[in-house]
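Take a look at the model below. This report follows the ligand and its surroundings.

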Amino acid sequence: MTQVAEPRVQSPRPEPSPGRVSHWIGGRLVPGGSGRHGPVYNPATGRLAREVDFASAEEIDAAVEAARAAFPAWRSTSLSKRTEILFNIRNLVHDGREEIAALLTAEHGKVPSDALGEVSRGLENLEFACGIPHLLKGAFSEQVSTGIDVYQIRQPIGVVAGITPFNFPAMVPMWMFANAIACGNTFVLKPSEKDPSASMLIAELLKEAGLPDGVFNVVHGDKVAVDRILEHPDVAAVSFVGSTPIAKYIYETGTRNGKRVQALGGAKNHMVVLPDADIDMAADAAVSAGYGSAGERCMAISVVVAVGEVADPLVDAIRSRLPKVRVGPGSDAGSEMGPLVTREHRDKVAGYLEKGAAAGAAIVADGREHSLYKDGDGFFLGVSLLDRVTPDMESYQNEIFGPVLEVVRVATYDEAVKLVNENPYGNGTAIFTRDGGAARQFQFEAQAGMVGINVPIPVPVAYYSFGGWKNSLFGDLHMYGPEGIQFYTRGKVVTARWPDPGTSQVDLGFPRTR
Ligand code: NAD
């Protein structure tokens with residue numbers, strides 16, 4: 001095992017300006033020069049916390065140039081040295097997890113236990129990437145023909161970019177850059193402009209860990225920044241996570257410009273509960289997975305599909321748990337669910353309650369009655385439950401992305417599967433049952449990239465890969481894990497011989513192996 005080196009930079013980290021989030025290019029803070037910026041709120045108080053600079057096309061060019069310039073040396077850096085730096089990064093992120101989590105709570109609003117969970121799932125990806133010498137092993141075939149060997153190697157692709165969503169400001173960047181840089185690429189991150197500070201802290205930790213300047217860059221911004229990334233001739237690949245319309249746009253524009261693209265989109269995850277399921281276990285799971293992180297998870301359960309006679313007791317069991325969910329700011333130790341990310345998003349989510357009720361759904365719990373919704377300045381909405389939802393309703397057809405759990409009642413297992421499979425999204429789905437045969441059949445026929453069996457949020461561990469089907473992913477390869485390594489490398493096959501002098505001859509025939 002490679003010995004872990006002392007982190008290279010021992011000096012204090014550059015102090016970020018409290019009022020402004022700037023770019024990180026070539027290993028240092030670069031204040032934005034475009035004159036454009038956006039607001040970053042503290043969602044728990046509703047107050048403006050700071051501004052974030054929005055990059056111009058020229059600033060994106062500067063970040064890509066820094067990454068391009070760093071690429072030749074980084075791709076030539078030995079695997080053992082890269083591993084040593086990745087170990088350092090892993091340790092610094094681990095040691096800094098409370099600091100990172102605090103930034104997530106401050107800007108996203110998720111409560112500390114949830115924020116620490118996010119950092120911990122991100123760490124898994126760094127740990128996976130520490131195995132890069134093993135992961136990059138190629139293949140070798142000796143004597144494919146007389147005196148001829150063939151071998152395959154995987155090489156980095158160059159400058160790669162990551163464009164990430166607001167709901168996992170630390171974990172999703174780690175899904176991408178851990179493997180990308182481990183494979184020898186250099187990276188430009190464009191994080192969500194709603195909660196940009198965690199990525200800046202991570203950039204500083206990477207530098208402290210000894211990552212050479214320019215290997216990891218962060219540029220903030222909006223469509224102007226993203227569009228320049230998508231058309232920049234020196235960006236070889238783009239990883240995206242966000243909403244479906246933007247994912248589709250990123251995929252279409254990026255591939256039209258000749259880039260390799262993986263674009264993960266939105267979700268509407270169904271949890272099917274069969275009549276034989278343990279009601280308490282299913283209700284606990286539905287509440288945890290429906291309202292954790294205020295429903296702002298791409299793997300949140302947003303629809304409970306109650307099959308047959310399970311519906312009434314299940315809805316009762318979920319309803320009885322809701323008053324106990326403690327909604328409040330992350331600064332209160334007892335809070336289990338924080339605010340939504342912006343006022344605009346909170347109001348949009350709340351609007352689905354009105355729309356659902358108008359369309360005939362029953363409001364079993366109404367988050368608009370929560371005191372923090374009615375009187376607070378933060379972007380809170382209490383836990384909400386809509387029963388008797390049908391597929392024609394607007395609330396069912398859209399990704400709500402908030403603490404509004406919907407229940408669709410169906411008569412049979414077949415109807416439940418049909419619902420899952422006809423939904424345009426296919427990120428995750430889950431089944432709750434005590435019948436192994438039914439669970440196996442569900443795993444066989446569910447059209448989704450990730451399936452849980454009595455597990456409501458089946459996010460794969462870092463040594464598998466993460467990705468949905470249908471409108472939840474545009475592209476071929478899933479993110480992180482083995483498919484991440486494939487995405488960030490390209491194969492090269494070498495055919496070699498070392499003949500003795502005087503043994504060659506002219507032969508215009510197509511090379512044969514026999
Ligand atoms: P979003 O699509 O609004 O933004 C994602 C990124 O795209 C951000 O960096 C943003 O700045 C950029 N962007 C936004 N509008 C753009 C435009 N018009 N042109 C170019 N770039 C643009 O998503 P969000 O609101 O930040 O995140 C929530 C969404 O992400 C939800 O739909 C959620 O399901 C999805 N998500 C999916 C996964 C997954 O793995 N499938 C994981 C997390 C989040």
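## Polar contacts

A polar contact is a pair of N or O atoms within 3.5 Å. Keep that cut-off in mind. The model here is a predicted one.

Start with S243. An N or O atom in the S243 side chain is 2.6 Å from an oxygen atom of the ligand. That distance is within 3.5 Å, so the pair counts as a polar contact. Backbone atoms take part too. A polar backbone atom of T164 is 2.8 Å from a ligand oxygen. For F166, the distance from a polar backbone atom to a ligand oxygen is 3.0 Å.

How much of the ligand does the protein bury? Taken alone, the ligand exposes 840 Å². The protein buries 88% of that area.

## The shell

The ligand is surrounded by 27 residues. The closest are K190, E193, S243, G265 and E399. S243 is thus both in this list and in the side-chain contact above.

What kinds of residues make up the shell? It divides into 14 nonpolar, nine polar and four charged residues. Helix α8 (223-231) supplies at least two of the shell residues, and so does strand β11 (235-241).

## Where the ligand sits

The ligand sits in the largest pocket. Which domains give residues to its shell? Domain 1 (21-265 + 472-493) does, and so does domain 2 (269-453). Because both contribute, the ligand lies between them.

Methods. Residues numbered from 1 in each chain as written. Predicted model: local features only at pLDDT ≥ 70, side-chain atom pairs only at ≥ 80, totals over all residues. Heavy atoms only, no water. Near = heavy atom within 4 Å. Polar contact = N/O pair within 3.5 Å; in protein donor to acceptor, adjacent residues only side chain to side chain. Areas by Shrake-Rupley, 256 points an atom, 1.4 Å probe, with all protein chains shown as cover. 1 Å grid on protein atoms, 1.4 Å probe; cavity = no way out; pocket = protein on both sides within 12 Å on 5 of 7 lines; lining within 4 Å. Sits in = over half its atoms within 2 Å of the grid points. Helix = DSSP H or I, 4+ residues; strand = E, 2+ residues; numbered from the N terminus. Nonpolar A, V, L, I, M, F, W, Y, C, P; charged D, E, K, R; others polar. Domains from an automatic or database assignment.
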